[in-house]
Amino acid sequence: MLRILSLADGLPSNEVFDLAEDAGGDMWLASNAGLVRYDGNSFELWRPPGMPRGAVETILVDAQGRPWLGLVDGGLVALESDRRSFSHWHREDPPGWPTN
């Protein structure tokens, strides 16, 4: 079944650049507003500290259900399993060292 969702349904931004589904059926959206999770009923928004609007370009959910965000500036952000913190890497960082 196809369902169209909009700002009226609680979607934080009508600009969605990518999406992925986790093993539990939640949809993760890379949006102009940041990272958005949709559980079939409501939306939840995360924005990593210091991340400007429109910075998220792509999203992938790994086998542990952790969303990874590709940023337009070449950065990579992962929402940790506690869903309270982020790890951030940038192409100019030393290999393997998160910036936070």
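**Strand pairing in a predicted model**

β6 and β7 form a hairpin with 4 residues between them. In its turn, G74 has a positive phi of about 95 degrees. This is a predicted model. β7 also forms a hairpin with β8, with 6 residues between the two strands. An open sheet of 4 strands, β1 to β4, is described further below.

**The β6-β7 hairpin**
- β6 covers residues 67-71, and β7 covers residues 76-79.
- The two strands run antiparallel and are joined by 3 bridges.
- W68 has A78 in β7 as its bridge partner.

**The β7-β8 hairpin**
- β8 covers residues 86-89.
- β7 pairs with β8 in the antiparallel sense, over 4 bridges.
- V77 stands opposite H88 in β8.
- R83 lies in the turn and has a positive phi of about 55 degrees.

**The open sheet**
- The strand order is β1-β2-β3-β4, and the pairing is antiparallel.
- β1 (16-21) and β4 (43-46) stand at the edges.
- Each edge strand has a single partner strand, so one side of β1 and one side of β4 are left without a neighbour in the sheet.
- From one strand to the next, the twist averages 20 degrees.

**The β1-β2 pair**
- β2 spans residues 27-31.
- 5 bridges join β2 to β1, and the two strands run antiparallel.
- Which residue in β2 stands opposite L19? L29 does.

Technical notes: Residues are numbered from 1 along each chain as its sequence is written. This is a predicted model: local features need pLDDT of at least 70, side-chain atom pairs count only at pLDDT 80 or more; totals for chains, interfaces and linings use all residues. Side-chain values use heavy atoms; hydrogens and water are left out. Two strands pair if DSSP finds at least two bridges between them. Axes are lines fitted to C-alpha atoms, for helices over the stretch in contact, and angles run from 0 to 180 degrees between N-to-C directions.
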